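Q: Please take a close look at the aromatic rings in this structure. Which pairs and which charges over rings can be described?

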Amino acid sequence: VKEESVAKSQEEARPFWKEARAVGKTPPPAMAPDFPDLVERLKPVVVNIRTTKEVVRKNPFWFFFKGPGEEKEPFEDFFRRFFGQPQKKFKTTSLGSGFIITPDGYIITNNHVIEDVTEIKVVLMNGNEYDAKIIGRDPKTDIALIKIEPDKKLPAAVLGDSDKLRIGEWVIAIGNPFGLGHTVTAGIVSAKERTLGMGKYEDFIQTDAAINPGNSGGPLFNMRGEVVGINTAIIPYAQGLGFAIPINMAKTVLPQLKTRGHVERGWLGVYIQRVTPAMAEALGLEEPKGAIVSEVIKGSPAEKAGLKAGDIVIEYNGREVKDFHQLPIMVAATKPGTKVKMVVLRDGKRKTITVKIGRLEAGKGEEEVAEAPQRGGEVEAKRLGIVVQTLTPDIAESLGVEKDLKGVVIVKIDPDGPAADSGLLRGDIILEVNREPVYNSRDFREALNKGLGKRSSVLFLVRRGERNIFVAVRVKEK
């Protein structure tokens, strides 16, 4: 017993983790780069931008004033005498940043820095000030190109490859925060491919290099002195979080901004969703990646090429589609008329489809990013927590869908059941179960029984309003 106690004490004294001294040769510690020489070389390409905007502000008592030719209100003269005109025009100024990309004075900045302004002043590091004109702007990516007319050639930034950025890599931000002039901050790339819900073409670089109001439009440099991003956004209530547009996205729009003043985008003509873990499980995929097509728009390039609802796009023009939000960005950056190859998963098999990309026009619709929906005789599916019935023409009319639509409609739903947790709603019309069409409640029962015998998740194609969406439901154990 004593020997066992000693052995146990010795065992408890040994570390069960890996000690550095026990590993042998360890890698050298990561050292912070030497910034001064690099900053001195980069600062001349960064500019401060000051804009002026004309704003109309209504008198707080504007409702007491009538327009020209109309009979005056009883107290109009009184309010005009003591509170002035019904509305006043005045000028406001704003600050931003930018960076020179050609020696003759082309400058990149954010669209929101110069949008709806009446005057743009650009100040170089040496203090020289120039009037600038807008060459082109793209609100959807928040990128703008402006131009000054310098009296001599200017130092210009070198644009890098943002796709090669690695998380943890050192970066430098230079800009005009709070009007303080050329200010340098440093940090690392905290994350890539971030979306903030501000627009459809988001693919932000996240950095902890301090970014503040006034930094907008300024450059984010790597340690080779190349611009890898355009500092654009912050989260006001957060610390150490800044977001930059990847410079590779800017490269796709700059030529058109220079020649057209606006951007023409490619159009595929599909509605897509994120492939969730539950969907991946229901479809038998190894991992949740790609963009699942929930609907193909009639007459679109996608329909002409043979793309189908349920296809999962995993490659576009030779580039992997890791997450669904990347596909609209890739399509938009494609020149209309270009033929591209897409790799999709259809019924678990890879299939290559060649599609001729169309032109995105106003009102035509874009690659809609449809997030998984939010909560909020008959056949009962107890393990799902729903009751369905065959969709009849009368029910279809009451739901505002085509009378000849086939499927089953959810008439009851358990608010605490897995179907509700996954986002299904009363009134949803189920068109498919695990990629098998259902035309009535009997089809639904058979398809569901078949699906529940194979996997713990079931994939539904659902009509909700005017859109088709996929919803995956994890099934409760019996």
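A: The ring pairs come before the charges over rings. The model is predicted, with pLDDT of at least 70 needed for local features and 80 or more for side-chain atom pairs, while totals for chains, interfaces and linings use all residues. Residues are numbered from 1 along each chain as its sequence is written, and side-chain values use heavy atoms, leaving out hydrogens and water.

Across the whole structure, a search finds 3 aromatic pairs (rings of Phe, Tyr and Trp, the last by its six-membered ring, with centres within 6.5 Å; planes under 30 degrees apart are stacked, over 60 edge-to-face, the rest tilted). One of them is F35 with W170: the centres are 5.6 Å apart and the planes stand at 65 degrees, so this pair is edge-to-face. F35 is in the loop between α2 (20-23) and α3 (36-42), W170 is in strand β9, and 135 residues separate them (helices are DSSP runs of H or I with at least four residues, strands runs of E with at least two, numbered from the N terminus). W170 has a relative accessible area of 29% and is therefore partly exposed (buried is under 20%, exposed over 50%, partly exposed in between, for a 1.4 Å probe and protein chains only).

Another pair is F444 with F460, stacked because the planes are at 20 degrees, with centres 6.4 Å apart. F444 belongs to helix α12 (residues 441-452) and F460 to strand β29 (residues 457-464), so the pair ties together parts 16 residues apart in sequence. Both F444 and F460 are buried.

As for charges, R467 lies over the face of Y271 at 3.8 Å from the ring centre, and K147 lies over that of Y106 at 5.3 Å (NZ of Lys or CZ of Arg within 6 Å of the ring centre and within 35 degrees of the ring normal).
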